[in-house]
Amino acid sequence: MTLIVRTEERGIATLTLDSPANRNALSAELVGALREALAACAADDTVRAVLLTHTGTTFCAGADLTAPPDPEAFVGLMREIVALPKPVVARVDGHVRAGGLGLLAACDIAVAGGASSFALTESRLGLAPAVISLTLLPRLDRTAAHRYYLTGERFGAAEAARISLITEAAGSAEGVKDVEGVEGVKDVDKALAPILDGLRRASPQGLAASKELVTATVLRSFDQYAEDLIARSAALFASDEAREGMTAFLERRDPAWVR
């Protein structure tokens, strides 16, 4: 089954998450396929940058609770995006949840349309945004991280841009409002056009060297904290409370602790 579709136009390789049946959830198979596709892009001299996008109404629903990836493999995927010597740009026009935010935050640039919404839902399942903190915490406004890590609230593209999760919030060309009621002026592809044009005009060496400067601190945090966060994540997933939270989610009911 094909989970990642690659196309190419004028030096931009587009990798499309194409598993809409489970809302592009991070299964072991999808993580493996995306890592392979990124490695192929890194080795391809014709590729100047990577555009990561999705089919369906969800960019990524987080971990596939029926077939979750090995935490080490997912951490490896995020690190590979950060360390890739070519820029990775996220094009989001749908929902992003839990681990999907870690994938999004690993990208260098992200533009989201008015149909997008975001939530860190781990605390509601008896979990925590453990390994995805490696990419999220260096990027997020600290006050916003406290709020959304703890509450699991949903927020829209305008708020995602305000707290630095994404680079730009793009509304509809027709003036359709985003989930927070904020009217946009551009659709997501119009917003992406000058960004992709700028990447096409940059030299491969210039892009690689410039990206290395802005990602150095994040990569050091992977080296320092990844092992501990992987262990913490595994312990949470194995706990009774998390089993109840995930079971309740799959059964579409409130977990036992909700009053």
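Student: Leaving aside the neighbours within four places in sequence, which residues is R35 in contact with in this model?

Tutor: Keeping in mind that the model is predicted, you will find that R35, once its neighbours within four places in sequence are set aside, is in contact with A73, G76, L77 and E80. With one member of that list, E80, the side chain of R35 also makes a polar contact of 2.5 Å.

Student: Where does R35 lie, and is R35 buried or exposed, or something in between?

Tutor: R35 belongs to helix α1, which covers residues 28–43. Its relative accessible area is 27%, and because buried means under 20% and exposed means over 50%, R35 is described as partly exposed.

Student: How far is R35 from L150?

Tutor: Along the chain the two are 115 residues apart, and in space the C-alpha atoms of R35 and L150 are separated by 30 Å.

Student: How should I read a pair of helices, such as α2 and α8?

Tutor: Two packed helices are described by the angle between their axes and by the distance between those axes. Here the axes of helix α2 (residues 71–83) and helix α8 (residues 204–237) come within 9 Å and cross at roughly 170°. Angles over 145 degrees count as roughly antiparallel, and α2 and α8 are therefore roughly antiparallel to each other.

Student: Which residues meet where α2 and α8 are in contact, and how do they divide by character?

Tutor: From α2 the residues include P71, V75, M78 and V82, and among those they meet in α8 are K211, L219, F222 and I230. The residues of this contact divide into 11 nonpolar, one polar and four charged.

Student: How many aromatic pairs are there, and how do I read them?

Tutor: The count comes to two aromatic pairs. In one of them, F118 and F155 are stacked, with 5.7 Å from centre to centre and 20° between the planes. F118 lies in strand β8 (residues 117–119) and F155 in strand β9 (residues 155–156), so the pair ties together parts that are 37 residues apart in sequence.

Student: What about the rings of Y148 and F155?

Tutor: The centres of the rings of Y148 and F155 are 4.3 Å apart and their planes stand at 35°, so this pair is tilted. Through these ring pairs F118, Y148 and F155 are linked into a cluster.

Student: Are the residues of that cluster buried or exposed?

Tutor: F118 and F155 are both buried, and Y148 is buried as well.

Conventions
Residues numbered from 1 in each chain as written. Predicted model: local features only at pLDDT ≥ 70, side-chain atom pairs only at ≥ 80, totals over all residues. Heavy atoms only, no water. Helix = DSSP H or I, 4+ residues; strand = E, 2+ residues; numbered from the N terminus. Buried < 20%, exposed > 50% of the residue type's maximum accessible area, 1.4 Å probe, protein only. Contact = heavy atoms within 4.5 Å. Polar contact = N/O pair within 3.5 Å; in protein donor to acceptor, adjacent residues only side chain to side chain. Phe/Tyr/Trp six-rings, centres within 6.5 Å; stacked < 30°, edge-to-face > 60°. Axes fitted to C-alpha atoms, helices over the stretch in contact; angles between N-to-C directions. Parallel < 35°, antiparallel > 145°, perpendicular 65-115°, else oblique. Nonpolar A, V, L, I, M, F, W, Y, C, P; charged D, E, K, R; others polar.
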